[in-house]
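Hi,

Here is the structure you asked for. Have a look at it first, and my notes follow below.

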Amino acid sequence: MNKPGYQVFRQKIVFTTLLISFVPLALLGYTLYYGFARAFFQRVEQDLVSRVATCSQSLDLFLEERKVILSAIAQSGTLAFYREPVHLRALFETINAQTGGGLVDIGVINNQGDHLAYVGPYNLEGLNYRDQVWFNLVMVKGIYVSDVYMGFRQIPHFVIAVKASDPAGDWVLRATIDPEIFARLVTTAQTGRTGDAFIINRQGVYQSRPRFHKKEILTICEIDPARFGAGTTMVKNMEKPDHGVVYAGRWINKNNWLFIVRQDLDENIPSLSGISPQEIAMFFIAALAIVLTTVVTTGMSVNKLQERERQLKELNAQLIQADKMAALGKMAAGVAHEINNPLGIIAAKAGWMRDLLEDEAFRNSENFKEYDQALEKIEEHVERAAKVTHNMLGFARSMEPVMERVDVNQVLKKTLEFLDYHAGINDIRIETRFDESIPEIMSDQSQLQQVFLNILNNAVDAIERQGTITVETLAKTDTLVIHITDTGRGIPETLKKKIFDPFFTTKAVNKGTGLGLSITYTIVERLGGTIQVESGQGRGTCFTVVLPLTVSKKTIA
């Protein structure tokens, strides 16, 4: 799994763990909260029903009491008696004294609608009520409580009117109810900051002033009276399961008026706004602790898993590399054996020819010098081929390097001589930056030359034409560093890990065996050094060979 894959894996574990941690808590909190809310709503509804019932009975009692008093007075007196201002005022004061107030005025009206006598703050005596709705209804029903209306006084009010009869004819005793006293009875059902209580008629017109919404008496209420039936009816206007408004209503005044109590549930149900800052802080600290613990433990677990996978990959890579090297070693041993046999014969014959040249007959030959030079070339190349087979056998068994004092700069100079011609015809420039102060090291000159030659050949192949190869040496505290840099096409990131594998090559078919860098890697490792590569597509390549200045026990073992 790559790094982005582990990142996604870590995020999934953290998300799943937090989900498992918080979802049950949220569900439990939801269940408890809404269970409590339902119980609380039921209690609020019961309280509303109780208040509506109690207050509606008080309002009905208030109206009935005044209707009974007015009816009794009308039936016990005569029109002639009550049309006298003195008698009518005495009656008005007596009623208010006995009932604790409640009347604004009182008047006597004949069957023609003429206002014959009046006691009160308005100038209504002499007016005719024949066209008033309430007058016609009381003449038919005998007793009537009107809706709120403006009337001659142009002020919202309502009246209680009672019809009486005597020898002079039918007449009406009418009283106007004090709106302040009646409003106090209505508002006794209000509770809290958002509670409201008011009365509307069957047409939905306000008969008392509501507490909120800037509504006035005689304006239309937004509540449909048809939604309220017999007894106390609950009407809910819920925006959410735990937010909204509840209306409780009950018909009064012989079902002509609807008494409504409104309650905002948001005020009653406990909410998060009531939680103290300390409780909120504790909640967030606990949640943060859960998140941090989850993230840290998940990170530790994933890091361990990632480390184990990395170790496993390294172990697998080592096993694969060991298998490859074992196979290559067997092949190299076979090839080296097949080459060593003819090389031995050639070397033996060269020795025999050397012995013949020692004979005086050959020494006096005019071609002796040419024979001697040809024989030296044969012996030189036989020796070189023997060293190559020696390197190949190194893959089959742990070969001891031929340790000697080596001047790395000189080895590089000799190696570059092999490439001068090939680089020149391809317009490839070779730059050297040798540190002439570097010391000689104990190493195998032939194997080092093989290492440098393999790297330089790859550099030439990578450039193909027109480029630069830079060779640099420098000494550090206990190591010698060689940088070989080219301006070629570079190595893709996906292939960098494979370049030291046996038989791996990016060259065309029949252009390379894929053994050069694998042999190079093995030689450098056996000499106690390391080799690294830095490259990128289109950026060229730099091979860095690091050799020890001192010979380790591992190298000479």
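To start with a term: a cavity is a set of points, on a 1 Å grid over the protein atoms alone, where a 1.4 Å probe fits but cannot get out, and lining residues have an atom within 4 Å of a point. A volume is the space filled by probe spheres set on the points, which are joined across faces, edges and corners.

This is a predicted model, in which local features need pLDDT of at least 70 and side-chain atom pairs count only at pLDDT 80 or more, while totals for chains, interfaces and linings use all residues. Residues are numbered from 1 along each chain as its sequence is written, and side-chain values use heavy atoms, without hydrogens and water.

The whole structure holds 2 cavities of 30 Å³ or more. The second largest has a volume of about 40 Å³, and Tyr129, Phe152, His157 and Arg174 are among the residues that line it.

Arg174 is also in contact (heavy atoms within 4.5 Å) with Ile106, as are Leu70, Phe92 and Leu173, among others. Ile106 is one of the residues that touch the most other members of the largest nonpolar core, which has 50 residues. Such a core is a set of buried Ala, Val, Leu, Ile, Met, Phe, Trp, Tyr and Cys residues joined through side-chain atoms within 4.5 Å, and buried means under 20% relative accessible area (1.4 Å probe, protein chains only).

Do let me know what you think!

Best wishes

Conventions
On a 1 Å grid over the protein atoms alone, a cavity is a set of points where a 1.4 Å probe fits but cannot get out, and a pocket is an open set with protein on both sides within 12 Å along at least five of seven lines; lining residues have an atom within 4 Å of a point. Lists of a residue's contacts leave out its neighbours within four places in sequence.
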